[in-house]
Amino acid sequence: MLPSLSFEVFISLSILIVFTWIYLYPKTKKNSPPSPMRLPIIGNLHQLGSAPHRSLKVLAHKHGSLMLLHLGSVPVLIASSAEAAQEIMKTYDVIFSSRPQLNISSIISYGGKTVSFAPYGDYWRQSKSIYVLHLLSSKKVQFFRRVREDETNLMINKIRSSLGSVIDLSEILLTLTNDVLCRSVLGRKYDEGTLVKQMSELSELVGAFSVGNYVPSLSWVDRVRGLEARARKAHKLFDEFIQSVIDDRLDRNGKMVEDEGKNDGDKDVVDMLLEVQKEQATNDVTVHSDTIKALILEMFVAGSDTSFTSLEWVISELIRHPRVMKKLQQELRKIAQGKPEIVEDDLENMQHSYLKAVMKESMRLHTPLPLLLPRESTKDVKVMGYDIGAGTQVLINAWMISRDPATWEEPEEFKPERFLNNDIDYKGLHYEFLPFGAGRRGCPGIEFAMALSKLALANLVYKFDFKIPNNERVEKLDMVESTGITIHRKNPLLVIATMS
Ligand code: HEM
């Protein structure tokens, strides 16, 4: 009995040692960043929880500002300090400029034809330059000024017609950002409810967690959950819609119908893209129609949700901080000089305005994409003295970095004044504050997004005071976050507006 028991104990111990060797002390490189212990098959996936930016903050406190997780079989480097972010996004920007190819995003994005999900290379370079030079340059953003001013006025009138009653400000802000995008991109509004629903579904799917990305042998789970079918359906609906919009601009031979009456300022993004396609063809470069559709899709998905959520959070913070609200109203009254509304001209050349400081402070605390978008290394590289292998995914915890007490005094407090006496901006040059990312893969939509955010916020605050229903104290306004890639308020922002 005894010898056989010892044999069993021996076998069990051996299995345990092998198991520990394989999974707990894996075949990481000699000098890998610290890693939390992981489980077989799923690795550290179970440690992410429903709010990965928060769970990763807890792990970073334990393991350091550069740590290596294993999500299923995928090594994922987590950067949680400005220094780590700078090494990745500046020092080794080229090496970390690719994006992982994710199953669901690939279905939605015409097989990786959006800029955000394209791997680093010629296709990404060419299509990003279409944004930078043709669609989102300062000059082009100016072309859409009238759309922003019109839609902001419509929003103000809508709120004015419901003074004293409870309104869903989240929904009003979502409509504003969608309508501005719809008119800028497609030239007019379409059946609002349907398009908004389609876009919300697409945004949700882009952020949906797909097991197959991390444990390929479990890809069938995504099929059984219906995730892939949902993505194919949403993609098909969008494709049919956008194809009909494009067809309206083409003649029977597939050539663009020239609209002699349209000057540059009247052109929408579809016009601009068709023009780019025509221009490039004369240089023997083909801009495929899937690229055009993918970029249109991307402007909605990347632009609407993020802009809407940043407005929703800033108003929430202002309601909770009446002192800041009053100070901002005073600044805006000075700017408006008694005019009925604030226009973009009034806001130009205000580099150090309180308005801008308020927007920045809100984005510092409520980074719309708290982990930015995942990147991937294309080569072996050494970061902060650690060896990182090619094909490692990278997440930058921008949310944690912008609350780091080593950089920010009283980091959990909403204090816009902190931005008045320094040059810290959101353009990707200050690694302690990265709401739009940085480097080659940084967001090309900053000007487009901020022009609308500043105008809408200025007019909302200039015109109205907001209370929360049932005479609740302002501190009672909940600030619970949603889940997903973009973090919104979990509950809609219900308010009562009065004239200020
Ligand atoms: C408040 C609004 C917005 C926020 C907070 C935001 C944030 C971001 C972030 C964090 C990234 C990833 C950057 C990185 O990996 O370093 C990104 C990428 C991107 N954004 Fe934005 N964005 C906003 C608005 C927009 C708008 C309005 C557009 C276009 C109309 C846009 C288009 C894109 C595109 C195309 C990329 C991918 C860039 C690449 O991979 O090269 N974004 N954005």
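Gly-445 is buried in this predicted model, with a relative accessible area of 14%, and it counts as buried because that value falls under 20%. The residue belongs to the loop that runs between H17 and H18. Another residue of the loop between these two helices, Cys-443, is the only protein donor of the iron atom of the ligand.

**The loop between H17 and H18**

- The C-alpha atom of Gly-445 is separated by 8.7 Å from that of Val-132, although the two residues are 313 residues apart along the chain.
- Cys-443 lies in the loop that follows helix H17 (398-401) and precedes helix H18 (446-463).
- The atom of Cys-443 that serves as donor to the iron atom of the ligand is SG, at 2.3 Å.

**The largest nonpolar core**

- The largest nonpolar core is made up of 57 residues, and Leu-169, Leu-457 and Phe-466 are those with the most contacts inside it.
- Several elements each supply at least two residues of this core, among them helix H7 (145-160), helix H8 (169-186), helix H13 (289-320) and strand E9 (494-499).
- The largest share of this core comes from H18, which supplies 11 residues.
- Leu-169 touches Ile-159, Ile-315, Phe-466, Leu-493 and Val-495, when residues up to four places away in sequence are not counted.

**A second core**

- Separate from the largest core there is a second one of 50 residues, which includes Ile-104, Leu-202, Ile-292 and Val-301.

Technical notes
Residues numbered from 1 in each chain as written. Predicted model: local features only at pLDDT ≥ 70, side-chain atom pairs only at ≥ 80, totals over all residues. Heavy atoms only, no water. Donors = N, O, S within 2.8 Å, 3.2 Å for Na, K, Ca; no water. Helix = DSSP H or I, 4+ residues; strand = E, 2+ residues; numbered from the N terminus. Core = buried A, V, L, I, M, F, W, Y, C linked by side-chain atoms within 4.5 Å. Buried < 20%, exposed > 50% of the residue type's maximum accessible area, 1.4 Å probe, protein only. Contact = heavy atoms within 4.5 Å.
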